[in-house]
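Good morning, colleagues. Please take a moment to look at the sequence and the structure as they appear on the screen.

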Amino acid sequence: MITDNVAFDEEGNLVLIANGDLYVGDKQGVKYTSNTLVSGGQRTGARVRSCETFGPGSFEVVMKIPSFSGICTSMWLYNYFAESETVHHNWEIDIEIHGTAVRNGQLLGMENGGTNIGSTSTPLFTTWVTERNYTSEYKNVGCNLADGKFHKYRIDWHTGDSPYIEYYIDDVLVCVQTTDVPTNEMYFNIGCWFPRNWCGQPDFETDAAVVKSFRYTAFEGETAGKINCDTHQSGGFKQNVQVPQVNLVANGGFTYELNKNNAWKVTDDNASYESGSLSFNGNLSQTVTMDCLGQTYDLIVDGVGSGTVKVTYQSIVNDVEVTGEVTGAIGRTLKLKTPANCTRLLIEIISDGDLTVNAVRLAYGEN
């Protein structure tokens with residue numbers, strides 16, 4: 001996670017940028033093992049953390065989450081303290097949201113041997129008290145949270161004789177946990193990050209979480225310990241960090257040549273590229289992998305010439321086609337009402353003679 005990925009939009013919302021494996025730009029990542037900068041900028045996320053710790057209370061974040069697999073979008077309370085060489089406290093409360101994660105068509109396994117059934121409709125709710133003692137549950141919340149809209153996420157953390165935690169999505173109680181409940185104050189975090197092996201492949205260019213607000217309300221009469229509760233100085237924010245204009249299609253404006261990543265595939269060996277356009281006679285295609293899950297999208301191809309736009313609904317689980325295809329024309333908005341189990345879109349642009357494509361845009365539509 002890097003400071004170059006933290007920004008504010010024109011409305012004053014906090015923007016946490018996430019760059020996937022198809023990112024092409026000049027940002028630098030941080031090498032995990034040595035904390036040194038590395039070129040490329042792929043798999044760089046963003047996080048903000050409170051300068052002070054919080055005790056028991058209600059923590060509310062209004063946030064719009066990213067669309068793609070590979071990112072773990074989270075709000076979490078955390079504090080760590082090594083009491084001795086053998087006693088380590090790892091106090092933590094999490095809401096984590098990520099896309100469907102598969103390898104070779106099969107759902108990825110979690111590190112504890114269980115099945116990762118998470119998706120953007122099924123967040124993970126977890127509490128920790130040590131590095132080994134935790135309670136973790138997936139809960140289906142009944143809607144696709146990656147719908148391009150703001151949702152309210154809330155953690156109510158109670159201490160006392162019988163500590164417990166309640167988790168709310170859009171003011172609906174979705175999970176209650178009464179085991180492994182922390183009893184020490186913690187720092188509050190919001191972020192987008194890239195787990196190393198359990199959150200799916202980040203086959204996208206750039207996405208972002210947008211945070212509209214954060215609110216904390218202390219619970220009267222409830223207290224927590226104050227181990228490792230120093231107040232940290234604010235690191236500030238970098239100025240002039242550009243807020244990305246998120247397009248669910250990578251290199252949708254053809255701002256760089258196709259060979260810089262493998263997002264687009266073209267069958268015409270004589271295809272010609274100029275900044276902002278691609279001319280070809282054949283087939284141009286891109287696969288977009290994300291939890292569509294019944295969401296509606298608008299796809300528009302801006303170009304000169306005639307051709308057919310074709311979208312095939314697929315699933316990354318068992319690599320199967322879901323319910324066929326939708327076709328449209330160049331220059332007209334194609335409405336995509338995806339099936340409930342759709343996790344991949346194959347977008348094809350088939351030319352009828354010479355065709356120049358200037359832009360392809362895939363955005364959230366109205367259901």
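I shall speak about one sheet and then about one residue.

Please keep in mind throughout that this is a predicted model.

Let me begin with the sheet. Six strands make up an open sheet, and their order across it is S5-S16-S7-S8-S11-S12. The pairing in this sheet is antiparallel. At its edges lie strand S5, residues 46-54, and strand S12, residues 134-138, each of which has a pairing partner on one side only. On average, neighbouring strands of the sheet are turned by 10° against each other, with direction ignored.

As a general remark, the strands of a sheet pair through backbone hydrogen bonds, in either a parallel or an antiparallel manner. Within this sheet, one antiparallel pair consists of strand S8, residues 88-98, and strand S11, residues 124-130, and 6 bridges connect the two. Here Glu-92 is positioned opposite Trp-128 of S11.

I turn now to the residue. The loop that runs between S12 and strand S13, the latter being residues 151-158, contains Asn-144. Is Asn-144 buried or exposed? Its relative accessible area is 8%, which is under the 20% limit, and therefore Asn-144 counts as buried.

Which residues does Asn-144 contact, if its neighbours within four places in sequence are left aside? They are Thr-120, Ser-121, His-151, Asp-291, Cys-292, Leu-293 and Gln-295. With Thr-120, the side chain of Asn-144 forms a side-chain polar contact of 2.7 Å. As for Asp-291, its backbone oxygen is 3.2 Å from a polar atom in the side chain of Asn-144.

Technical notes: Residues numbered from 1 in each chain as written. Predicted model: local features only at pLDDT ≥ 70, side-chain atom pairs only at ≥ 80, totals over all residues. Heavy atoms only, no water. Pairing = 2+ DSSP bridges. Helix = DSSP H or I, 4+ residues; strand = E, 2+ residues; numbered from the N terminus. Axes fitted to C-alpha atoms, helices over the stretch in contact; angles between N-to-C directions. Buried < 20%, exposed > 50% of the residue type's maximum accessible area, 1.4 Å probe, protein only. Polar contact = N/O pair within 3.5 Å; in protein donor to acceptor, adjacent residues only side chain to side chain. Contact = heavy atoms within 4.5 Å.
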